[in-house]
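Here's a quick briefing to read alongside the model. Have the sequence and the 3D view open, and we'll go topic by topic.

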Amino acid sequence: DFKDVELTKWYADALGWGVKEGLFQGYPGNEIRPMTAVLRQEVVVLMQRFIEKMGYTIPDDPNAIEKYGDAGTFKTWFKDAAEYMRKTGLINGRDRK
């Protein structure tokens, strides 16, 4: 149970399932911050966890971009998920030449 989630909210059951399945881990202080915008990093990690949890295999995309333009700024906690999404072509980013 997260201290910032009311069990009567429309998303409570889905969030509970996601926590139970290991998709969501929350933030320090026992928070999930349900009304805060979701960052790209969080989406990437969530997508990878879901794909792995469901047992899906997604092949590498030969047309995937070579790298993200901002890859040097990636935090350790989502680098692997970002690389996975890039190689599969599920998330490509933008070309910022």
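**How α2 and α3 pack**

Helices α2 and α3 sit roughly perpendicular to each other, since their angle of about 70° falls in the 65 to 115 degree range that counts as such. Bear in mind that this is a predicted model. The rest of the briefing goes through that helix pair, then the salt bridges, then a glycine just after α3.

**The helix pair**

- Helix α2 covers residues 40-54 and helix α3 covers residues 76-88, and their axes are 9 Å apart.
- As for handedness, α2 and α3 make a left-handed crossing.
- On the α2 side, the residues that meet α3 are Q41, E42, V44, V45, M47, Q48 and I51.
- Their partners in α3 are W77, F78, D80, A81, A82, Y84 and M85.
- Sorted by class, this contact of α2 with α3 has 10 nonpolar residues, along with 2 polar and 2 charged ones.
- A general point helps in reading those lists: an α-helix has 3.6 residues a turn, so residues three or four places apart point the same way.

**What is buried in α3**

- Which residues of α3 are buried? They are F78, A81, A82, Y84, M85, R86 and T88.
- These buried residues of α3 pack against α2.
- F78, A81, A82, Y84 and M85 turn up both among the buried residues of α3 and in the list of α3 residues that meet α2.

**Salt bridges**

- How many salt bridges does the count come to? It comes to 4, and the bullets below walk through some of them, including E21 with K53.
- The side chains of E21 and K53 form a salt bridge, at 3.0 Å from N to O.
- E21 is in the loop between α1 (12-20) and α2, while K53 is in helix α2, so this pair ties together parts that are 32 residues apart in sequence.
- Both ends are partly exposed: E21 has a relative accessible area of 22%, and K53 has one of 43%.
- D70 and R40 also meet through their side chains in a salt bridge, this time at 2.6 Å, N to O.
- That pair links distant parts of the chain, with D70 in the loop between α2 and α3 and R40 in helix α2, 30 residues apart.
- D70 is partly exposed at 31% relative accessible area, and R40 is partly exposed too, at 36%.
- E31 and R33 make another salt bridge, with their closest N and O atoms 3.2 Å apart.
- Here again the two residues are partly exposed, E31 with a relative accessible area of 23% and R33 with 35%.

**G89, just past α3**

- G89 lies in the segment after α3, and just after that helix it takes a positive phi of about 80°.
- Is G89 buried or exposed? Its relative accessibility is 17%, so G89 counts as buried, the cut-off being under 20%.
- Which residues does G89 touch once its neighbours within four places in sequence are left aside? The contacts are D61 and A64.
- For a sense of where G89 sits relative to α2, try I51, one of the α2 residues that meet α3: G89 and I51 are 38 residues apart in sequence and 14 Å apart in space, C-alpha to C-alpha.

Note on methods
Residues are numbered from 1 along each chain as its sequence is written. Side-chain values use heavy atoms; hydrogens and water are left out. Axes are lines fitted to C-alpha atoms, for helices over the stretch in contact, and angles run from 0 to 180 degrees between N-to-C directions. Helices (H or I, at least four residues) and strands (E, at least two) are DSSP runs, numbered from the N terminus. Angles under 35 degrees count as roughly parallel, over 145 as roughly antiparallel, 65 to 115 as roughly perpendicular and the rest as oblique. A crossing is left-handed if the near helix is turned anticlockwise from the far one by less than a right angle, and right-handed if clockwise. Contact means heavy atoms within 4.5 Å. Ala, Val, Leu, Ile, Met, Phe, Trp, Tyr, Cys and Pro count as nonpolar, Asp, Glu, Lys and Arg as charged, and the others, Gly among them, as polar. Buried means under 20% relative accessible area, exposed over 50%, partly exposed in between (1.4 Å probe, protein chains only).
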